[in-house]
Amino acid sequence: MKNMTLHNIAKSCGGHCFGMESCADIEVTSIAIDSRKVKKGGLFIPICGERVDGHSFIPAVMEAGALAVLSEREIENPVGPYILVESTKEALKQIAAFYRSSLGIKVVGITGSVGKTSTKEMIASVLKEKYNVHKTEGNYNNEIGLPLTIFDITGEHEIAVLEMGISDFGEMHRLASVANPDICVITNIGLCHLENLGSRDGVLKAKTEAFDHLHGDGIVILNGDDDKLSTIHDVNGKQPFWYGKRQKDVYAADIASLGMEGIRMRLYLYGQNKEVTIPIPGEHNIYNALAAACVGAACGMDINAICRGIEHVETISGRSHLIRKNDITIIDDCYNANPVSMRASLDVLSKAKGRKIAVLGDMGELGESERSLHAQTGRYAAEKQIDFLYCTGELSKEMVRATQEAKNNRTYAMHFETKEELIAHLRLVMQKGDTILIKASHFMQFPKIVEALTIV
């Protein structure tokens, strides 16, 4: 890892070195917080978790060939070099910030209430048409995951696309200080993490903390159709770039739904235009494509390469991922959920042919309005004329109740006490031609439902 000598690492996090007389100028080969992933010549950073204290693995990783470790406490009879720090969690971020600053690489930072991961995948797909791209994998978008993502950047990479997720004030400020983005994209301001952020205005304030550490000559790209983001006209003395369905710097027109096969639209990009097909259903993916087009243009790509990248995008597990098995289509969108993303997913389901089945669960961190927001989702399912709504989870009882009470209701709604009961019922009633949406917040563990239905 370039410039990542033990001396520089210790200096970056204010650590005190022990036993490093002969190896202070040696670069580490890798950095890990999981003792099982420590490589020979690597650095191990132990994290004190709720159930496991990583410090207990220090002897094992040293015997396995780690060059050095960090520690929050002095080590008696150490078997190798170590750096003493006050907090390994803080040191993790400080070391990542130093490593990022030493890289000659452009960083795209993405945040927003809904669609961060899908937008990240779209942006990476576009940029790959011209650059060697590193991107956030899985849910590595928080104060531990983001540094680990940065540590995986190598000399071959030309651009990093980093997702930044938060749930409270101050978190985005800390994430941005690590990522130091050259380009900052905000997808939207929605109803999520309201327990901590209070309102959409609070969400806006928290998300825009990303501007605190925007690179000196960096740019900001915003969804101009979002009523909150559209109030931002100046960021560090510069005007943002806008995208949307209405005429902005980058916009879409002549939009045509292709059902479950995706969307066709005409992309207008700074005076140029070209027809492009997004191979993923759901009109919300138009915004993802427009954000990617903005980033591609900012990185010197032409409209033809940008459109190729949009058309090559692929979905990932848990995010509007289509699984077709035994003539049944499953929309695996169960990684997470909030009221806005629920509506978007129901919109996708409503375009399907055959019977439309929504399998929905509780949404978390919605604060005092959690029951009414679940009820709104139920009413929306009835409005979209979903054929069957099957729910589990305490709050999801409000979805079922609201669906059953909705005017002109054609949706059959049913609540189950457990996922196992819901799965058993689904196996009995699903038939060829069905499209089944599976969505809930992460804590509901709905991937178990996807797995149960796809192994049949």
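1. Let's start with E158 and its surroundings. Setting aside neighbours within four places in sequence, E158 is in contact with I105, K106, K130, Y131 and N132. Bear in mind that this is a predicted model. The residue belongs to the loop between α5 (145-151) and β8 (159-163). One contact is worth a look on screen: the E158 side chain reaches the backbone nitrogen of N132 at 2.7 Å. As for K130, 28 residues separate it from E158 in sequence, and the C-alpha to C-alpha separation is 9.7 Å. Is E158 buried or exposed? Neither, quite: its relative accessibility is 40%, so it counts as partly exposed.

2. Next, the N-terminal sheet. Five strands make an open sheet in the order β1-β5-β4-β3-β2, and the pairing is mixed. β1 (16-18) and β2 (31-32) are the edge strands, each pairing on one side only. Further in, β3 (residues 43-44) pairs with β4 (residues 68-71) in the parallel sense, over two bridges. If you want a register check, L43 stands opposite A68 in β4.

3. Helix α1 has two sets of partners. On the sheet, α1 lies across β1, β3, β4 and β5 (82-84), and runs at about 15 degrees to β5. Then there is helix α3 (residues 88-102): its axis and that of α1 (residues 6-13) come within 8 Å and cross at roughly 120 degrees. That angle makes α1 oblique to α3. N8, I9, S12 and C13 of α1 make the contact, with A91, Q94, I95 and F98 on the α3 side. The crossing of α1 past α3 is right-handed.

4. Now the pair α4 and α9. Which residues does each helix bring to the contact? From α4 they are S118, T119, M122, I123, V126 and L127, and from α9 they are N285, N288, A289, A291, A292, V295 and G296. The spacing in such lists is easy to follow, because an α-helix has 3.6 residues a turn, so residues three or four places apart point the same way. The axes of α4 (residues 116-127) and α9 (residues 284-298) come within 8 Å and cross at roughly 40 degrees. α4 is therefore oblique to α9, and the crossing of the two is right-handed.

5. Helix α10 (residues 303-311) ties in here. I303, A305, I306, C307, G309 and I310 of this helix are buried. What covers them includes α4 and α9 again, along with β13 (263-269) and β14 (272-278). D302 caps the N-terminal end of α10, with a side-chain oxygen 3.0 Å from the backbone nitrogen of N304.

6. Last, the six-stranded sheet. Its strands form an open arrangement in the order β15-β16-β20-β17-β18-β19, with mixed pairing. Why is one side of β15 (321-325) and of β19 (412-416) left without a neighbour in the sheet? Both stand at the edges with a single partner strand each, so the other side is free of one. From one strand to the next, the twist averages 20 degrees.

7. A closer look at part of that sheet. β17 (residues 356-361) and β18 (residues 388-392) run parallel and are joined by five bridges. Within the pair, G361 stands opposite T392 in β18. Helix α13 (residues 396-405) packs on the sheet and touches β17, β18 and β19. Its direction makes about 155 degrees with that of β19.

Terms used
Residues are numbered from 1 along each chain as its sequence is written. This is a predicted model: local features need pLDDT of at least 70, side-chain atom pairs count only at pLDDT 80 or more; totals for chains, interfaces and linings use all residues. Side-chain values use heavy atoms; hydrogens and water are left out. Two strands pair if DSSP finds at least two bridges between them. Helices (H or I, at least four residues) and strands (E, at least two) are DSSP runs, numbered from the N terminus. Axes are lines fitted to C-alpha atoms, for helices over the stretch in contact, and angles run from 0 to 180 degrees between N-to-C directions. Contact means heavy atoms within 4.5 Å. Buried means under 20% relative accessible area, exposed over 50%, partly exposed in between (1.4 Å probe, protein chains only). A polar contact is a pair of N or O atoms within 3.5 Å; within protein, one must be able to donate a hydrogen and the other to accept it, and residues adjacent in sequence count only if both atoms are side-chain atoms. Angles under 35 degrees count as roughly parallel, over 145 as roughly antiparallel, 65 to 115 as roughly perpendicular and the rest as oblique. A crossing is left-handed if the near helix is turned anticlockwise from the far one by less than a right angle, and right-handed if clockwise.
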